[in-house]
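Reader: I am new to this structure. Please show it to me, and then let me ask how its descriptions are earned.

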Amino acid sequence: MASTQYADGRQEKRVENYTKFWQKDLGKEGEVDNQNRVESYTDVVNGYYDGATELYEYGWAQSFHFSRFYKGEAFAASLARHEHYLAAQMSLRPGMRVLDVGCGVGGPAREIARFSDVNIVGLNNNDFQIQRARKYTKRAGLEDQVSFAKGDFMKLSEQFGENSFDAVYAIEATVHAPTWERSVLKPGGVFGVYEWCMTDTWDPSIPAHKELAHAIEFGNGIPEMRHLKKAREAMVNVGFTIEHEEDLAERPDEVPWYYPLEGDISKAQTAWDYFTVWRMSWSGMLVSHTAIKFMEMLNLLPKGTYDVGESLKVAANALVKGGQTKVSWSTFL
């Protein structure tokens, strides 16, 4: 049966097939399952984001990443500060040509373009997200500074050529790629990355640790969660000198990075954030997921969107547990 192609770029079959890349019992996941997802990473990632993008925007923001929090700091301010910190660490300067690898709907690209006055090309392999990124960028009046291109993580040189950018960054995006070893930087250029890794505390020989990694993969469209040491190796293998590396989750923050996922409105840092945190509470998820189910039944959403939404619940629980036990979310700069 042919897949329904929506005008916005989504494909129904792709969404519907997303959860089939995992065993129903995540405890039974094996190496062959991992390898299948890695080899089919384009279908895995596109199926996930065709279903999850609008849910991300509703439940989180246009910036699809985590961040650190100061006591009393608003959720939106924390996201922006996280992006500013990366731009500052990379020493981005006006006029530089910068590539955003895995740009989502362009939230970080727009924020960093404003902050650093650089010209950014956002790369994405998902038509639905690219359409939304262009719409939001036009609305923000940044079309001359921020553009978007459809492309594959693994074919950067073929698309842009060698030595094409002064700087490249990726914010929680390369985790979706089958390998971390690619570069299109000019000699002396800088690569900045925030990425999900399993920390040095993670031991795949412990069944509970392995299952936790699979739960994070399942709920976030990730072919395979990788260990921090693989991130270091990938950097060295493509010729980078690591100037700064840090697990930001290890900072002694009073407010943990995962607090919005806990759904505890008593922890909201500002009045507006009550709504953000409520959306992750049991009642908030009941309301939103019931609405998703009815919208799917009425063909207002692609079939499979509800299942992708259910996978996000699994992800939220796994990420909170990973953060509390410090076995996941190692950020590499």
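Author: What follows is a set of questions and answers on a predicted model.

Reader: Let us start with the sheet. How do you know that β1 and β4 pair?

Author: Two strands pair if DSSP finds at least two bridges between them. β1 (residues 97-101) and β4 have three bridges. Therefore they count as paired, in the parallel sense. Leu99 stands opposite Val168 in β4.

Reader: What joins β4 to β5, and in which sense do they run?

Author: Six bridges join them, and the two strands run parallel. β5 covers residues 185-194. One bridge pair is Ile171 with Tyr194 in β5.

Reader: What about β1 and β2?

Author: Five bridges link them, again in the parallel sense. Here Leu99 stands opposite Val121 in β2. Val121 in turn stands opposite Ser147 in β3. β2 (residues 119-124) and β3 pair over five bridges, parallel as well.

Reader: What is the order of the strands in the sheet?

Author: The order is β3-β2-β1-β4-β5. These five strands form an open sheet with parallel pairing.

Reader: Why are β3 and β5 called edge strands?

Author: Each has a single partner strand, so one side of each is left without a neighbour in the sheet. β3 spans residues 146-150. From one strand to the next, the twist averages 20 degrees.

Reader: Which helix packs on the sheet, touching β2 and β3?

Author: That is α6 (residues 127-139). Its direction makes about 165 degrees with that of β3. Angles over 145 degrees count as roughly antiparallel. Therefore α6 and β3 are roughly antiparallel.

Reader: What makes β1 largely enclosed?

Author: Four of its five residues are buried, so the rest of the structure largely encloses β1. β4 (residues 165-171) is mostly covered too, with six of its seven residues buried.

Reader: Now the helices. Why are α3 and α13 called roughly perpendicular?

Author: Their axes cross at roughly 70 degrees. The range for roughly perpendicular is 65 to 115 degrees. The crossing angle falls in that range, so the name fits. The two axes come within 9 Å.

Reader: Which residues meet where α3 and α13 touch?

Author: α3 brings Gly47, Tyr48, Gly51, Ala52, Leu55 and Tyr56. α13 brings Thr305, Val308, Gly309, Ser311 and Leu312. By class, this contact has six nonpolar, five polar and no charged residues.

Reader: Which residues of the largest nonpolar core touch the most other members?

Author: They are Tyr48, Trp196, Ile216, Met225 and Leu261. The core has 50 residues. The elements that give it two or more residues are α3 (41-59), α4 (75-89), α8 (207-220), α10 (259-262) and α13 (305-325). α3 gives the most, with seven residues. Another core, of 22 residues, lies apart from this one. Its members include Val98, Ile130, Ala133 and Tyr169.

Reader: What does Ile216 touch, leaving out residues up to four places away in sequence?

Author: Its contacts are Trp196, Ile222, Met225, Ala318, Leu319 and Ser328.

Reader: Why is Ile222 called buried?

Author: Buried means under 20% relative accessible area. Ile222 has 0%, so it counts as buried. Yet Ile222 is found in a loop, between α8 and α9 (228-237). Beyond four places in sequence, Ile222 touches Trp22, Arg37, Val175, His176, Trp196, Ile216 and Glu217.

Reader: How far is Ile222 from Ala208 in sequence and in space?

Author: They are 14 residues apart in sequence. In space they are 18 Å apart, C-alpha to C-alpha.

Reader: What makes the phi of Ser91 worth a remark?

Author: Most residues other than glycine have a negative phi. Ser91 is not glycine, and its phi is positive, near 55 degrees. Ser91 sits in the loop between α4 and β1.

Reader: Where is Asp117, and what is its phi?

Author: Asp117 is in the loop between α5 (107-116) and β2. Its phi is near 55 degrees, also a positive value in a residue other than glycine.

Reader: Why are Ser91 and Asp117 called partly exposed?

Author: Partly exposed lies between the 20% limit for buried and the 50% limit for exposed. Ser91 has 40% relative accessibility, so it counts as partly exposed. Asp117 has a relative accessible area of 45%, so the term applies there as well.

Key: Residues are numbered from 1 along each chain as its sequence is written. This is a predicted model: local features need pLDDT of at least 70, side-chain atom pairs count only at pLDDT 80 or more; totals for chains, interfaces and linings use all residues. Side-chain values use heavy atoms; hydrogens and water are left out. A nonpolar core is a set of buried Ala, Val, Leu, Ile, Met, Phe, Trp, Tyr and Cys residues joined through side-chain atoms within 4.5 Å. Buried means under 20% relative accessible area, exposed over 50%, partly exposed in between (1.4 Å probe, protein chains only). Contact means heavy atoms within 4.5 Å. Axes are lines fitted to C-alpha atoms, for helices over the stretch in contact, and angles run from 0 to 180 degrees between N-to-C directions. Angles under 35 degrees count as roughly parallel, over 145 as roughly antiparallel, 65 to 115 as roughly perpendicular and the rest as oblique. Ala, Val, Leu, Ile, Met, Phe, Trp, Tyr, Cys and Pro count as nonpolar, Asp, Glu, Lys and Arg as charged, and the others, Gly among them, as polar.
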